[in-house]
Amino acid sequence: DGRHPDGIVFVDEQADARRRDFTVNALFLDPQDGAVHDHVGGRADLERRLIRAVGKADDRFAEDHLRLLRAARFASTLEFELEPATAEAVRRNAAQLASVSAERIQQEFTRILLESPRPGDAVALLQSLGLLPVFLPEVSALQGQAQPPQFHPEGDVWTHTLMMLNALPSAAGGSGGAPDACPPLHLAYAALLHDVGKPGTARLVEGRIRFDCHAGRGAELAEQILRRLRLPNDDIKAIAYCVANHMRFMDVCRMRPATLRRLTGAPTFATELELHRLDCAASHGDLSNYRFLTEFLAERRAEPALPRPWITGGDILALGIPPGRTVGRWKQRAYDLQLEGGWPDRDAALAWLRREVEAAGAGSPPFLP
């Protein structure tokens, strides 16, 4: 069935080696004398930095369809080449990957993203082998999706995404400067999926390609994709949030201080900020918004990103405001003013609240700009 054998037959060392996946994985070490036994040419392939299936590649892939993806992982993470006949066998059998469980595919693919020195090249390899359309057709569809050249001189959405992936900071030696608080898994998948909503929202308006609401659509698709791959719910929520909000960074210089504090106080902000840096670096190259945010953070390094609210729901109810949405609106207005430095302390905030409620009337909601 592409994974489980029909039966178990015990064999000698040579026959065992011939049943393994790739020659570089079929070496035996004698624990007594340290000798390496090589029955399939694995040492020579190591020296040539080559991933080659043992024996007939089609037979090896028929024994376990996940080996199709493992061939790409070994080539990408080790920066080896796929032996041509092995690569052609992957292409012939690529459709068989659909029979593999989502969990096993996700584990291999996540390792490709996080362990490859150049994850973008790894994703391009998956596309060329016909594997990416099998388990990530939404990402495969990015190839050929044109973008406005004034904002994306690098080319189509596919090229842009691969450039971002190749710039990911990684343990394997990628470049970049993501902070420690930025989970590599979240950043890698957010970079992969941040523009996945563009093909479905693309339209030509007065000679210019537009992708209205592509971030929101992308977040919906990202959640569907990540659930299909069986990622944990907390990871799905964080990654989809980053995809949904990645276009907000265009407006940071015009945001109110309270809005900025909320943006930078989000638990996903470190990932969002690094995603924005990668997005700009892989397109127009304008990092002014990134620098603005890093300076904003530096100026408030000694302050908590989001301090405890001075005015609580209980304070508002005590002034005669009935329970309901009006309480939430008063809380939001009070907290925004607090974040913008409207009062020096809680006592001043409470005095303001009493004056405002009396002026507005106990049942009236506050004005929210």
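**Exercise 1. In which helix does Thr-326 lie?** Determine also whether Thr-326 is buried or exposed.

*Solution.* The model under study is predicted.
- Step 1: Thr-326 belongs to helix α19, which covers residues 325-339.
- Step 2: The relative accessibility of Thr-326 is 18%. Buried residues are those under 20%, so Thr-326 counts as buried.
- Step 3: A distance places Thr-326 with respect to Ile-316, ten residues away along the chain: their C-alpha atoms are 9.5 Å apart.

**Exercise 2. Describe how helices α15 and α19 are arranged and which residues join them.**

*Solution.*
- Step 1: The two axes, of α15 and α19, approach within 8 Å and cross at roughly 90°.
- Step 2: An angle from 65 to 115 degrees counts as roughly perpendicular, and α15 is therefore roughly perpendicular to α19.
- Step 3: On the α15 side the contact is made by Ala-258, Arg-261 and Arg-262. On the α19 side, Gln-332, Tyr-335, Asp-336 and Leu-339 take part.
- Step 4: By residue class, this contact of α15 with α19 comprises three nonpolar residues, one polar residue and three charged residues.

**Exercise 3. Characterise the surroundings of Tyr-335.**

*Solution.*
- Step 1: Tyr-335 is part of helix α19.
- Step 2: Its relative accessibility is 11%, and Tyr-335 therefore counts as buried.
- Step 3: With neighbours within four places in sequence set aside, Tyr-335 contacts Arg-262, Leu-306, Pro-307, Arg-308 and Pro-309. Of these partners, Arg-262 is also listed among the α15 residues that meet α19.
- Step 4: For Gly-120, 215 residues away along the chain, the C-alpha separation from Tyr-335 is 42 Å.

**Exercise 4. Locate Thr-268 and identify the partner of its side chain.**

*Solution.*
- Step 1: Thr-268 occupies the loop that runs between α15 (257-265) and α16 (269-281).
- Step 2: Its relative accessible area is 12%, so this loop residue, Thr-268, is buried.
- Step 3: The side chain of Thr-268 forms a polar contact of 2.8 Å with the side chain of Glu-272.
- Step 4: Beyond neighbours within four places in sequence, Thr-268 touches Ala-238, Tyr-241 and Cys-242.

**Exercise 5. Account for the contacts of Gln-147, beginning with its place in the chain.**

*Solution.*
- Step 1: Gln-147 sits in the loop between α9 (137-140) and α10 (157-166).
- Step 2: A relative accessible area of 7% means that Gln-147 is buried.
- Step 3: One polar contact joins the side chain of Gln-147 to that of Lys-198, at 2.7 Å. In addition, a polar atom of the Gln-147 side chain lies 3.0 Å from the backbone oxygen of Gly-155.
- Step 4: When neighbours within four places in sequence are left out, the residues in contact with Gln-147 include His-152, Glu-154, Val-157, His-160, Asp-195, Ile-209 and Phe-211.

**Exercise 6. Which residues have the most contacts inside the largest nonpolar core?**

*Solution.*
- Step 1: The largest nonpolar core contains 66 residues, and Phe-135, Tyr-189 and Leu-192 have the most contacts inside it.
- Step 2: Helix α11 (residues 184-193) supplies the largest share of this core, namely eight residues.
- Step 3: Not counting residues up to four places away in sequence, Tyr-189 touches Gln-106, Phe-109, Thr-110, Leu-113, Leu-226, Leu-229, Leu-231 and Ile-239.
- Step 4: Another core, of twelve residues, lies apart from the largest one; among its members are Ile-316, Val-327, Ala-349 and Leu-353.

**Exercise 7. What is the environment of Ala-240 in helix α14?**

*Solution.*
- Step 1: Helix α14 spans residues 233-245 and includes Ala-240.
- Step 2: Ala-240 has 9% relative accessibility and therefore counts as buried.
- Step 3: Apart from neighbours within four places in sequence, Ala-240 is in contact with Ala-219 and Glu-223.
- Step 4: The C-alpha atoms of Ala-240 and Gly-218 are 8.1 Å apart, with 22 residues separating the two positions along the chain.

**Exercise 8. Examine the backbone and exposure of Glu-79 and Glu-206.**

*Solution.*
- Step 1: Glu-79 is not a glycine, yet its phi is positive, near 55°. Glu-206, likewise not a glycine, has a positive phi of about 55°.
- Step 2: Glu-79 is in the loop between α4 (67-78) and β4 (81-82), whereas Glu-206 is in the loop between β5 (203-205) and β6 (208-210).
- Step 3: Glu-79, at 48% relative accessibility, counts as partly exposed. Residues over 50% are exposed, and Glu-206, at 83%, is therefore exposed.

Notes
Residues are numbered from 1 along each chain as its sequence is written. This is a predicted model: local features need pLDDT of at least 70, side-chain atom pairs count only at pLDDT 80 or more; totals for chains, interfaces and linings use all residues. Side-chain values use heavy atoms; hydrogens and water are left out. Helices (H or I, at least four residues) and strands (E, at least two) are DSSP runs, numbered from the N terminus. Buried means under 20% relative accessible area, exposed over 50%, partly exposed in between (1.4 Å probe, protein chains only). A polar contact is a pair of N or O atoms within 3.5 Å; within protein, one must be able to donate a hydrogen and the other to accept it, and residues adjacent in sequence count only if both atoms are side-chain atoms. Contact means heavy atoms within 4.5 Å. A nonpolar core is a set of buried Ala, Val, Leu, Ile, Met, Phe, Trp, Tyr and Cys residues joined through side-chain atoms within 4.5 Å. Axes are lines fitted to C-alpha atoms, for helices over the stretch in contact, and angles run from 0 to 180 degrees between N-to-C directions. Angles under 35 degrees count as roughly parallel, over 145 as roughly antiparallel, 65 to 115 as roughly perpendicular and the rest as oblique. Ala, Val, Leu, Ile, Met, Phe, Trp, Tyr, Cys and Pro count as nonpolar, Asp, Glu, Lys and Arg as charged, and the others, Gly among them, as polar.
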